[in-house]
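Me: I am new to this structure and would like a close look at a single part of it, beginning with one residue and then moving outward to what surrounds it. Please explain each term when it first comes up.

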Amino acid sequence: MRVLLIGANGYLGRFVADRLLADPAVQLTALGRGDDADVRFDLASGSPGALTRFLDAVHPGVVINCAGATRGGARELTRHNTVAVATVCEALRRSGCGARMVQIGCGAEYGPSQPGSSTAEDAVPRPGGPYGVSKLAATELVLGSGLDAVVLRVFSPTGPGTPAGSPLGRLAEAMRRAMQSGDGELKLGGLGVQRDFIDVRDVARAVHAASLSAAQGVINIGSGRAVRLRDAAAVLARVAGYGGALHELDGPPGPLRASIGHPRSEPDHAAPVAYPYPDGCGSWQQADVRTARDRLGWRPRINLEESLADIWMEAACRI
(Lines give C-alpha, C1' and ligand atoms only; values in the text may rest on other atoms or scores of the structure.)
Protein backbone atom coordinates (compact mmCIF):
# COMPACT_ATOMS: atom_id res chain seq x y z
CA MET A 1 0.00 0.00 0.00
CA ARG A 2 1.44 3.35 -1.05
CA VAL A 3 0.67 6.07 1.50
CA LEU A 4 1.19 9.81 1.16
CA LEU A 5 1.59 11.39 4.60
CA ILE A 6 1.16 15.14 4.84
CA GLY A 7 2.64 16.79 7.93
CA ALA A 8 5.02 13.97 8.87
CA ASN A 9 7.21 16.32 10.93
CA GLY A 10 4.42 17.60 13.17
CA TYR A 11 3.58 16.41 16.67
CA LEU A 12 1.08 13.78 15.51
CA GLY A 13 2.67 13.21 12.12
CA ARG A 14 5.98 11.97 13.53
CA PHE A 15 4.27 9.15 15.40
CA VAL A 16 2.00 8.32 12.48
CA ALA A 17 5.09 8.07 10.26
CA ASP A 18 6.80 5.74 12.76
CA ARG A 19 3.73 3.54 12.90
CA LEU A 20 3.43 3.31 9.11
CA LEU A 21 7.14 2.66 8.62
CA ALA A 22 6.84 -0.31 10.97
CA ASP A 23 4.30 -1.88 8.58
CA PRO A 24 6.25 -3.75 5.86
CA ALA A 25 3.23 -3.54 3.57
CA VAL A 26 3.35 0.28 3.49
CA GLN A 27 5.40 2.37 1.05
CA LEU A 28 5.51 5.81 2.65
CA THR A 29 6.06 9.17 0.99
CA ALA A 30 6.17 12.31 3.17
CA LEU A 31 4.98 15.66 1.85
CA GLY A 32 5.52 18.86 3.80
CA ARG A 33 7.07 22.29 4.05
CA GLY A 34 10.34 21.20 5.66
CA ASP A 35 13.61 20.35 3.96
CA ASP A 36 13.51 16.79 5.28
CA ALA A 37 10.21 15.96 3.56
CA ASP A 38 10.39 13.65 0.55
CA VAL A 39 8.49 16.31 -1.37
CA ARG A 40 8.33 19.99 -0.39
CA PHE A 41 4.91 21.52 -0.85
CA ASP A 42 3.00 24.20 1.08
CA LEU A 43 -0.69 23.33 1.10
CA ALA A 44 -1.69 26.81 2.22
CA SER A 45 -0.13 28.51 -0.79
CA GLY A 46 0.32 25.72 -3.36
CA SER A 47 -2.19 25.16 -6.12
CA PRO A 48 -4.50 22.12 -6.35
CA GLY A 49 -3.26 21.60 -9.92
CA ALA A 50 0.35 21.17 -8.83
CA LEU A 51 -0.68 18.72 -6.12
CA THR A 52 -2.84 16.82 -8.61
CA ARG A 53 0.13 16.31 -10.91
CA PHE A 54 2.12 14.93 -8.00
CA LEU A 55 -0.71 12.59 -6.98
CA ASP A 56 -0.99 11.28 -10.52
CA ALA A 57 2.75 10.61 -10.59
CA VAL A 58 2.97 8.89 -7.17
CA HIS A 59 -0.49 7.29 -7.31
CA PRO A 60 -1.01 6.72 -3.56
CA GLY A 61 -3.77 4.47 -2.29
CA VAL A 62 -4.17 6.51 0.90
CA VAL A 63 -3.55 10.18 1.68
CA ILE A 64 -3.22 11.02 5.39
CA ASN A 65 -3.34 14.68 6.39
CA CYS A 66 -1.71 15.41 9.76
CA ALA A 67 -0.74 18.97 8.82
CA GLY A 68 -2.22 22.05 10.43
CA ALA A 69 -1.71 24.86 12.90
CA THR A 70 -2.82 25.01 16.53
CA ARG A 71 -1.74 28.57 17.24
CA GLY A 72 -2.06 31.93 15.57
CA GLY A 73 -4.78 34.35 14.58
CA ALA A 74 -7.96 33.44 12.75
CA ARG A 75 -6.42 34.20 9.34
CA GLU A 76 -3.39 31.97 9.91
CA LEU A 77 -5.50 29.15 11.35
CA THR A 78 -7.85 29.35 8.38
CA ARG A 79 -4.98 29.20 5.90
CA HIS A 80 -3.29 26.18 7.44
CA ASN A 81 -6.33 24.26 8.68
CA THR A 82 -9.05 25.05 6.15
CA VAL A 83 -7.57 26.36 2.90
CA ALA A 84 -4.91 23.63 3.02
CA VAL A 85 -7.57 20.92 3.32
CA ALA A 86 -9.54 22.46 0.48
CA THR A 87 -6.41 22.14 -1.66
CA VAL A 88 -6.02 18.45 -0.78
CA CYS A 89 -9.68 17.68 -1.47
CA GLU A 90 -9.68 19.47 -4.81
CA ALA A 91 -6.44 17.80 -5.88
CA LEU A 92 -7.82 14.36 -4.99
CA ARG A 93 -11.02 15.07 -6.92
CA ARG A 94 -9.02 16.01 -10.02
CA SER A 95 -6.56 13.15 -9.69
CA GLY A 96 -7.05 9.73 -11.18
CA CYS A 97 -5.39 7.98 -8.23
CA GLY A 98 -8.66 7.30 -6.41
CA ALA A 99 -6.90 7.56 -3.04
CA ARG A 100 -8.69 7.24 0.27
CA MET A 101 -8.30 10.29 2.55
CA VAL A 102 -7.72 10.19 6.30
CA GLN A 103 -8.09 13.67 7.80
CA ILE A 104 -7.00 14.48 11.35
CA GLY A 105 -9.68 16.56 13.02
CA CYS A 106 -9.92 17.54 16.68
CA GLY A 107 -12.23 17.47 19.67
CA ALA A 108 -12.23 21.29 19.69
CA GLU A 109 -14.66 21.11 16.76
CA TYR A 110 -17.39 20.16 19.24
CA GLY A 111 -16.86 23.08 21.59
CA PRO A 112 -18.13 23.11 25.20
CA SER A 113 -20.16 20.15 26.42
CA GLN A 114 -22.26 19.34 29.46
CA PRO A 115 -20.16 18.20 32.47
CA GLY A 116 -20.51 14.48 32.96
CA SER A 117 -21.50 13.80 29.36
CA SER A 118 -19.70 11.87 26.63
CA THR A 119 -19.64 13.53 23.21
CA ALA A 120 -20.59 11.24 20.34
CA GLU A 121 -20.07 11.87 16.64
CA ASP A 122 -23.68 12.95 16.12
CA ALA A 123 -23.34 15.88 18.54
CA VAL A 124 -23.92 19.29 16.95
CA PRO A 125 -20.50 21.02 16.74
CA ARG A 126 -20.33 24.44 18.38
CA PRO A 127 -16.62 25.34 18.48
CA GLY A 128 -15.71 27.95 21.06
CA GLY A 129 -12.73 29.53 19.30
CA PRO A 130 -11.09 30.16 15.92
CA TYR A 131 -9.02 26.96 16.07
CA GLY A 132 -12.08 24.76 16.43
CA VAL A 133 -13.90 26.75 13.75
CA SER A 134 -11.05 26.31 11.28
CA LYS A 135 -10.87 22.56 11.94
CA LEU A 136 -14.64 22.13 11.71
CA ALA A 137 -14.65 23.92 8.35
CA ALA A 138 -11.99 21.48 7.16
CA THR A 139 -14.08 18.52 8.33
CA GLU A 140 -17.10 19.83 6.43
CA LEU A 141 -14.98 20.22 3.30
CA VAL A 142 -13.80 16.61 3.56
CA LEU A 143 -17.26 15.20 4.26
CA GLY A 144 -18.78 17.18 1.39
CA SER A 145 -16.04 16.33 -1.10
CA GLY A 146 -17.51 13.06 -2.34
CA LEU A 147 -14.18 11.34 -1.63
CA ASP A 148 -13.63 8.05 0.14
CA ALA A 149 -12.73 9.80 3.37
CA VAL A 150 -12.76 9.54 7.14
CA VAL A 151 -12.15 12.27 9.72
CA LEU A 152 -10.60 11.26 13.04
CA ARG A 153 -11.57 13.76 15.73
CA VAL A 154 -8.65 13.51 18.13
CA PHE A 155 -9.40 14.87 21.59
CA SER A 156 -6.41 15.95 23.76
CA PRO A 157 -3.23 14.22 22.53
CA THR A 158 -0.42 13.77 25.01
CA GLY A 159 2.68 11.67 25.63
CA PRO A 160 6.22 11.94 24.25
CA GLY A 161 6.84 15.01 22.16
CA THR A 162 4.07 17.01 23.84
CA PRO A 163 4.73 20.65 22.92
CA ALA A 164 6.19 22.70 25.79
CA GLY A 165 3.54 25.36 25.17
CA SER A 166 0.61 22.96 25.66
CA PRO A 167 -1.13 22.81 29.05
CA LEU A 168 0.50 19.52 30.09
CA GLY A 169 3.83 20.62 28.65
CA ARG A 170 3.59 23.86 30.60
CA LEU A 171 2.71 21.92 33.75
CA ALA A 172 5.81 19.75 33.37
CA GLU A 173 7.97 22.81 32.76
CA ALA A 174 6.61 24.55 35.87
CA MET A 175 7.43 21.47 37.93
CA ARG A 176 10.91 21.21 36.42
CA ARG A 177 11.64 24.83 37.35
CA ALA A 178 10.39 24.27 40.90
CA MET A 179 12.61 21.23 41.35
CA GLN A 180 15.60 22.94 39.79
CA SER A 181 15.31 25.93 42.12
CA GLY A 182 14.44 23.83 45.18
CA ASP A 183 11.01 25.39 45.66
CA GLY A 184 8.98 23.57 48.30
CA GLU A 185 5.68 24.67 46.80
CA LEU A 186 4.27 25.11 43.34
CA LYS A 187 1.42 27.56 42.74
CA LEU A 188 -0.70 26.70 39.72
CA GLY A 189 -3.81 28.14 38.16
CA GLY A 190 -6.29 26.77 35.64
CA LEU A 191 -6.37 23.21 37.01
CA GLY A 192 -10.12 22.86 37.26
CA VAL A 193 -10.80 21.86 33.64
CA GLN A 194 -11.31 18.23 32.69
CA ARG A 195 -10.12 16.81 29.39
CA ASP A 196 -10.02 13.49 27.58
CA PHE A 197 -6.30 12.81 27.18
CA ILE A 198 -5.18 10.25 24.60
CA ASP A 199 -1.59 9.16 24.05
CA VAL A 200 -0.13 10.19 20.70
CA ARG A 201 0.99 6.61 20.03
CA ASP A 202 -2.59 5.42 20.39
CA VAL A 203 -3.59 8.15 17.95
CA ALA A 204 -1.03 6.79 15.47
CA ARG A 205 -2.53 3.32 15.84
CA ALA A 206 -5.98 4.76 15.10
CA VAL A 207 -4.70 6.51 11.97
CA HIS A 208 -3.11 3.29 10.77
CA ALA A 209 -6.35 1.37 11.39
CA ALA A 210 -8.41 4.04 9.61
CA SER A 211 -6.15 3.92 6.56
CA LEU A 212 -6.79 0.18 6.25
CA SER A 213 -10.52 0.32 6.92
CA ALA A 214 -13.52 1.24 4.79
CA ALA A 215 -14.98 3.50 7.50
CA GLN A 216 -16.22 6.91 6.42
CA GLY A 217 -17.55 9.99 8.19
CA VAL A 218 -16.39 11.18 11.60
CA ILE A 219 -14.83 8.95 14.28
CA ASN A 220 -13.81 10.15 17.75
CA ILE A 221 -10.37 9.21 19.05
CA GLY A 222 -9.97 9.59 22.79
CA SER A 223 -9.64 7.62 26.00
CA GLY A 224 -13.33 7.89 26.83
CA ARG A 225 -12.49 9.33 30.26
CA ALA A 226 -12.23 12.94 31.36
CA VAL A 227 -9.38 13.76 33.77
CA ARG A 228 -9.13 16.91 35.85
CA LEU A 229 -5.89 18.81 35.30
CA ARG A 230 -5.25 18.96 39.04
CA ASP A 231 -5.32 15.15 39.10
CA ALA A 232 -2.89 15.06 36.17
CA ALA A 233 -0.66 17.45 38.13
CA ALA A 234 -0.70 15.11 41.13
CA VAL A 235 0.25 12.14 38.95
CA LEU A 236 3.03 14.14 37.33
CA ALA A 237 4.37 15.15 40.76
CA ARG A 238 4.46 11.49 41.80
CA VAL A 239 6.17 10.44 38.57
CA ALA A 240 8.71 13.27 38.89
CA GLY A 241 9.38 12.61 42.56
CA TYR A 242 8.40 16.16 43.46
CA GLY A 243 7.80 16.26 47.22
CA GLY A 244 6.66 19.87 47.45
CA ALA A 245 3.13 21.14 47.93
CA LEU A 246 0.85 21.89 44.98
CA HIS A 247 -1.30 24.97 45.58
CA GLU A 248 -4.17 25.59 43.20
CA LEU A 249 -5.04 29.22 42.59
CA ASP A 250 -8.32 30.46 41.15
CA GLY A 251 -8.82 33.46 38.93
CA PRO A 252 -6.56 34.98 36.27
CA PRO A 253 -2.79 34.45 36.30
CA GLY A 254 -0.91 36.65 38.74
CA PRO A 255 2.78 37.36 39.40
CA LEU A 256 3.34 34.11 41.34
CA ARG A 257 1.06 31.90 39.32
CA ALA A 258 2.08 29.39 36.70
CA SER A 259 -1.13 29.20 34.70
CA ILE A 260 -1.53 25.95 32.80
CA GLY A 261 -4.09 27.27 30.36
CA HIS A 262 -2.26 30.42 29.28
CA PRO A 263 1.34 31.54 28.80
CA ARG A 264 3.09 33.29 31.69
CA SER A 265 3.71 36.25 29.40
CA GLU A 266 0.08 37.35 29.64
CA PRO A 267 -0.45 40.58 31.58
CA ASP A 268 -0.91 40.12 35.32
CA HIS A 269 -3.98 42.34 35.15
CA ALA A 270 -5.73 40.25 32.53
CA ALA A 271 -9.45 39.83 33.16
CA PRO A 272 -10.89 36.39 33.90
CA VAL A 273 -11.61 34.43 30.74
CA ALA A 274 -14.57 32.20 30.00
CA TYR A 275 -12.44 29.28 28.77
CA PRO A 276 -9.14 29.05 30.68
CA TYR A 277 -8.00 26.00 28.72
CA PRO A 278 -6.89 27.21 25.27
CA ASP A 279 -9.15 25.03 23.09
CA GLY A 280 -12.46 26.82 23.56
CA CYS A 281 -14.14 23.75 25.05
CA GLY A 282 -15.05 25.03 28.49
CA SER A 283 -14.60 23.08 31.68
CA TRP A 284 -15.37 19.55 30.45
CA GLN A 285 -14.76 17.31 27.48
CA GLN A 286 -15.03 13.54 27.20
CA ALA A 287 -15.24 11.46 24.04
CA ASP A 288 -17.65 8.68 23.28
CA VAL A 289 -15.27 6.24 21.57
CA ARG A 290 -17.62 3.38 20.77
CA THR A 291 -17.54 4.12 17.04
CA ALA A 292 -13.75 3.72 16.93
CA ARG A 293 -14.08 0.39 18.69
CA ASP A 294 -16.86 -0.86 16.41
CA ARG A 295 -15.65 0.45 13.04
CA LEU A 296 -11.86 0.46 13.44
CA GLY A 297 -11.35 -2.29 16.00
CA TRP A 298 -9.37 0.27 17.99
CA ARG A 299 -9.07 0.81 21.72
CA PRO A 300 -6.62 2.99 23.66
CA ARG A 301 -3.77 1.04 25.24
CA ILE A 302 -1.55 3.59 26.98
CA ASN A 303 -2.73 5.08 30.26
CA LEU A 304 -2.26 8.67 31.32
CA GLU A 305 0.40 7.86 33.91
CA GLU A 306 2.65 6.39 31.21
CA SER A 307 2.02 9.41 28.98
CA LEU A 308 2.88 11.79 31.81
CA ALA A 309 6.02 9.80 32.63
CA ASP A 310 7.21 10.30 29.06
CA ILE A 311 6.43 14.02 29.20
CA TRP A 312 8.41 14.27 32.43
CA MET A 313 11.41 12.39 31.04
CA GLU A 314 11.70 14.96 28.27
CA ALA A 315 11.24 17.88 30.67
CA ALA A 316 13.76 16.40 33.14
CA CYS A 317 16.42 16.31 30.43
CA ARG A 318 16.38 20.12 30.58
CA ILE A 319 17.32 20.21 34.29
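Reply: Thr119 is buried, with a relative accessible area of 7%, where buried stands for under 20%, exposed for over 50% and partly exposed for what lies in between, using a 1.4 Å probe and protein chains only. The model is predicted, so local features need a pLDDT of at least 70 and side-chain atom pairs count only at pLDDT 80 or more, whereas totals for chains, interfaces and linings use all residues. Residues are numbered from 1 along each chain as its sequence is written, and side-chain values rest on heavy atoms, with hydrogens and water left out.

Thr119 belongs to the loop between S5 and H4; such helices (H or I, at least four residues) and strands (E, at least two) are DSSP runs numbered from the N terminus. Apart from neighbours within four places in sequence, Thr119 is in contact with Tyr110, Ser113, Asn220, Gln286, Ala287 and Asp288, a contact being heavy atoms within 4.5 Å.

One of these contacts, Tyr110, leads to the ring pair. A search of the whole structure finds one aromatic pair, and such a pair joins rings of Phe, Tyr or Trp (its six-membered ring) whose centres lie within 6.5 Å, with planes under 30 degrees apart called stacked, over 60 edge-to-face and the rest tilted. The partners are Tyr110 and Phe155, whose ring centres are 6.0 Å apart and whose planes stand at 35 degrees, so the pair is tilted. Because Tyr110 lies in the loop between S5 and helix H4 (130-143), while Phe155 lies in the loop between S6 and strand S7 (156-158), the pair ties together parts that are 45 residues apart in sequence. Both Tyr110 and Phe155 are buried. The ring of Tyr110 also has the charged end of Arg153 sitting over it, 4.6 Å from the ring centre; a charge counts in this way if NZ of Lys or CZ of Arg is within 6 Å of the ring centre and within 35 degrees of the ring normal.

The strands S5 and S6, which border these loops, belong to an open sheet of seven strands in the order S3-S2-S1-S4-S5-S6-S11, with parallel pairing. Strand S3 (39-40) and S11 are at the edges with a single partner strand each, so one side of each has no neighbour in the sheet. Two strands are said to pair if DSSP finds at least two bridges between them; S5 and S6 do this in the parallel sense over six bridges, and Val102 stands opposite Val150 in S6. Farther along the sheet, S1 and S2 run parallel and are joined by five bridges, with Gln27 in S2 as the bridge partner of Arg2. Four of the five residues of S1 are buried, so this strand is largely enclosed by the rest of the structure.

Two helices cross this sheet. H4 lies across S5, S6 and S11, running at about 160 degrees to S5, whereas helix H3 (residues 74-94) lies across S1, S4 and S5 at about 165 degrees to S5; these angles, from 0 to 180 degrees, are taken between the N-to-C directions of axes fitted to C-alpha atoms, for helices over the stretch in contact.

The last step outward is to the nonpolar cores, each a set of buried Ala, Val, Leu, Ile, Met, Phe, Trp, Tyr and Cys residues joined through side-chain atoms within 4.5 Å. The largest of these cores has 33 residues, and those with the most contacts inside it are Ile64, Val102, Leu152, Val207, Ile219, Ile221 and Leu296. Among the elements that give two or more residues to this core are strand S5 (100-106), strand S6 (149-154), helix H6 (200-212) and strand S11 (217-221), and the largest share, seven residues, comes from H6. Apart from this core lies another, of 29 residues, which includes Tyr110 together with Leu31, Ala91 and Val218.

Leu296, one of the best-connected residues of the largest core, is placed in helix H8 and counts as buried because its relative accessibility is 12%. Leaving aside neighbours within four places in sequence, Leu296 is in contact with residues including Leu152, Ala206, Ile219 and Ile221.
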